[in-house]
Amino acid sequence: QVQLVESGGGLVQAGGSLRLSCAASRSIFNVNAMGWYRQAPGKQRELVATITSGGITNYADSVKGRFTISRGNAKNTVYLQMNSLKPEDTAVYYCNAEGSYSRPYIYWGQGTQVTVSS
């Protein structure tokens, strides 16, 4: 089974930055897109940013201009550079990969906690 592993979360002050990383436990074939989602306590999981295999990005309005999603040089890696962090960014951030290899698939990471203090 493929597992996505996130890292880079932590506690930062408002206005600070964090860089989240995500890597697959093994190679993933025919990835269409990877992305980041987040879930704050008592809230529904929401999309933060996605990037397609062609490099097309999409961002939630709440993070536009502050967050940047990118793919790494290593296979099946994705990053989320988070700048100008706000307390409302506090959440568990989850990495996602979707595609199709013989059959469609969607993989999720275990999540990494991001806490932004005011």
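A charge sits over a ring if NZ of Lys or CZ of Arg is within 6 Å of the ring centre and within 35 degrees of the ring normal. I needed that rule for my opening entry. The model I am looking at is predicted.

**Entry: charges over rings**

I looked up Arg-45 and found its charged end over the ring of Tyr-94, 3.8 Å from the ring centre. I then looked up Arg-19, whose charged end sits over the ring of Tyr-79, at 3.9 Å from the centre.

**Entry: aromatic pairs**

I asked how many aromatic pairs the structure holds. The answer is three. I wrote down the details of two pairs.

I took Tyr-37 and Trp-108 to begin with. Their ring centres are 5.0 Å apart and their planes stand at 65°, so I entered the pair as edge-to-face. Planes over 60 degrees apart count that way. Tyr-37 belongs to strand E4 (residues 31-39) and Trp-108 to strand E10 (residues 103-108). The two residues are 71 residues apart, and the pair links distant parts of the chain.

Next I checked whether each partner is buried or exposed. Tyr-37 has a relative accessibility of 19%, so I list Tyr-37 as buried; the cut-off for buried is under 20%. Trp-108 has a relative accessible area of 36% and is partly exposed.

I then turned to Tyr-105 and Tyr-107. Their ring centres lie 4.8 Å apart with the planes at 20°, so this pair is stacked. The rule for stacked is planes under 30 degrees apart. Tyr-105 is buried, at 9% relative accessibility.

**Entry: the nonpolar core**

I looked for the residues that touch the most other members of the largest nonpolar core. They are Trp-36, Leu-80, Met-82 and Tyr-93, in a core of 30 residues. I also noted which elements give two or more residues to this core: strand E3 (18-24), E4, strand E5 (46-52), strand E7 (67-71), strand E8 (77-82), strand E9 (91-101), E10 and strand E11 (112-117). E9 gives the most, with four residues. As background, nonpolar side chains in soluble globular proteins tend to be buried together.

I picked Met-82 and listed its contacts, leaving aside neighbours within four places in sequence. Met-82 is in contact with Gly-16, Ser-17, Leu-18, Leu-20, Arg-66, Phe-67, Tyr-93 and Val-114. Of these, Tyr-93 had already come up among the core residues that touch the most other members.

**Entry: salt bridges**

I found that the structure holds four salt bridges. I started from Arg-38, whose side chain meets that of Glu-46 in a salt bridge at 2.7 Å, N to O. Arg-38 is buried at 4% relative accessibility, whereas Glu-46 is partly exposed at 36%.

Arg-38 also forms a salt bridge with Asp-89, with the closest N and O atoms 2.9 Å apart. Arg-38 lies in strand E4 and Asp-89 in the loop between E8 and E9, so this pair ties together parts that are 51 residues apart in sequence. Asp-89 is buried, with 0% relative accessibility.

From Asp-89 I followed a further salt bridge to Arg-66, where the closest N and O atoms are 2.7 Å apart. Arg-66 is in the loop between strand E6 (57-59) and E7, so its pair with Asp-89 ties together parts that are 23 residues apart in sequence. I have both Asp-89 and Arg-66 down as buried.

Which residues do the shared partners join into one network? My last note says Arg-38, Glu-46, Arg-66 and Asp-89.

Note on methods. Residues are numbered from 1 along each chain as its sequence is written. This is a predicted model: local features need pLDDT of at least 70, side-chain atom pairs count only at pLDDT 80 or more; totals for chains, interfaces and linings use all residues. Side-chain values use heavy atoms; hydrogens and water are left out. Rings of Phe, Tyr and Trp (its six-membered ring) pair if their centres lie within 6.5 Å; planes under 30 degrees apart count as stacked, over 60 as edge-to-face and the rest as tilted. Buried means under 20% relative accessible area, exposed over 50%, partly exposed in between (1.4 Å probe, protein chains only). A nonpolar core is a set of buried Ala, Val, Leu, Ile, Met, Phe, Trp, Tyr and Cys residues joined through side-chain atoms within 4.5 Å. Contact means heavy atoms within 4.5 Å.
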